[in-house]
Amino acid sequence: MNALVPERSRVIVRPDPGPSPVIETKRLRLRPHRLADAEAIAQSLGDFQVARMLARVPAPYDQQDAFDWLNRQAANVLPDWTLAVTTGDDVHIGCVGIELRNGQWHVGYWLNRFYWGKGLASEAVHAAVERFFRRMPDTVLHSGVFADNPGSLRIQEKLGFKVTGCSQIYALARNAMVAHIETRLTSAELRRPN
């Protein structure tokens with residue numbers, strides 16, 4: 001006897017990239033976050049010049065905000081990757097996240113302002129995305145930047161992201177709607193930064 005399964009009871013299984021890896025690059029080490037990273041995260045995101053470029057970071061941002069965020073990451077209940085970007089001496093200088101939101105994979109990243117302009121963000125994002133595509137080769141990654149963040153848009157363009165549109169999104173630190181340039185990337189489009 002064959003029974004038809006009603007549409008609403010079907011379970012859709014999405015591929016899972018597996019646990020967050022440890023990734024070594026020429027100058028960086030990307031690794032899962034630790035509670036000990038809270039002070040460095042609070043210091044970086046407490047800088048309004050960094051927080052203002054991120055949609056979901058409040059201002060001011062303090063160590064308790066960092067602990068709250070780290071505790072959610074430690075729960076490890078989502079397939080997301082949130083990788084600490086560290087230097088050779090394991091100093092936390094930023095984050096690359098790849099998360100599943102509304103059925104689509106999204107890439108986000110930030111660096112402590114004192115590490116801007118050295119090519120480290122390009123190196124970190126490329127390493128994380130390249131590893132993610134090895135595990136999930138048919139995935140389309142989405143990202144974007146605020147329109148007043150041309151440096152971040154250059155990073156994405158160097159890596160092969162294509163602009164797909166523009167919208168207005170709410171920036172928590174700015175407490176305002178901000179123009180947002182939307183981008184996307186496939187594994188075939190990924191380029192190594194120069």
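Ser143 stands opposite Thr183 of strand S8 in this predicted model. Strand S6 (residues 141–146) and strand S8 (residues 176–185) are paired in the antiparallel sense over 6 bridges; two strands pair if DSSP finds at least two bridges between them. Strands are DSSP runs of E with at least two residues, helices are runs of H or I with at least four residues, and both are numbered from the N terminus.

S6 and S8 belong to an open sheet of 8 strands with mixed pairing, in the order S1-S2-S3-S4-S5-S6-S8-S7. S1 and strand S7 (162–171) each have a single partner strand, so they stand at the edges with one side lacking a neighbour in the sheet. Strands of a sheet pair through backbone hydrogen bonds, either parallel or antiparallel.

Thr86 lies in strand S3 (residues 81–86). Thr86 has a relative accessible area of 0% and is therefore buried (under 20%, with exposed over 50% and partly exposed in between; 1.4 Å probe, protein chains only). Apart from neighbours within four places in sequence, Thr86 is in contact with Arg27, Leu28, Arg29, Arg31, Val91, His92 and Ile93, where contact means heavy atoms within 4.5 Å. Two distances from Thr86 are listed here.

| Partner of Thr86 | Distance |
|---|---|
| Arg29, backbone oxygen to the side chain of Thr86 | 2.7 Å |
| Pro21, C-alpha to C-alpha | 14 Å |

The second largest pocket holds about 220 Å³ of space. Its lining has 16 residues, and Ser122, Glu123, His126, Arg192 and Pro193 are the closest to its centre. A pocket is an open set of points on a 1 Å grid over the protein atoms alone, where a 1.4 Å probe fits, with protein on both sides within 12 Å along at least five of seven lines; lining residues have an atom within 4 Å of a point. Strand S1 (23–24) and helix H4 (120–135) each supply at least two lining residues, and H4 gives the most, with 7 residues. By class, the lining has 3 nonpolar, 5 polar and 8 charged residues.

Residues are numbered from 1 along each chain as its sequence is written, and side-chain values use heavy atoms, leaving out hydrogens and water. Local features need pLDDT of at least 70 and side-chain atom pairs count only at pLDDT 80 or more, while totals for chains, interfaces and linings use all residues.

Technical notes
Grid points are joined across faces, edges and corners, and a volume is the space filled by probe spheres set on the points. Ala, Val, Leu, Ile, Met, Phe, Trp, Tyr, Cys and Pro count as nonpolar, Asp, Glu, Lys and Arg as charged, and the others, Gly among them, as polar. A polar contact is a pair of N or O atoms within 3.5 Å; within protein, one must be able to donate a hydrogen and the other to accept it, and residues adjacent in sequence count only if both atoms are side-chain atoms.
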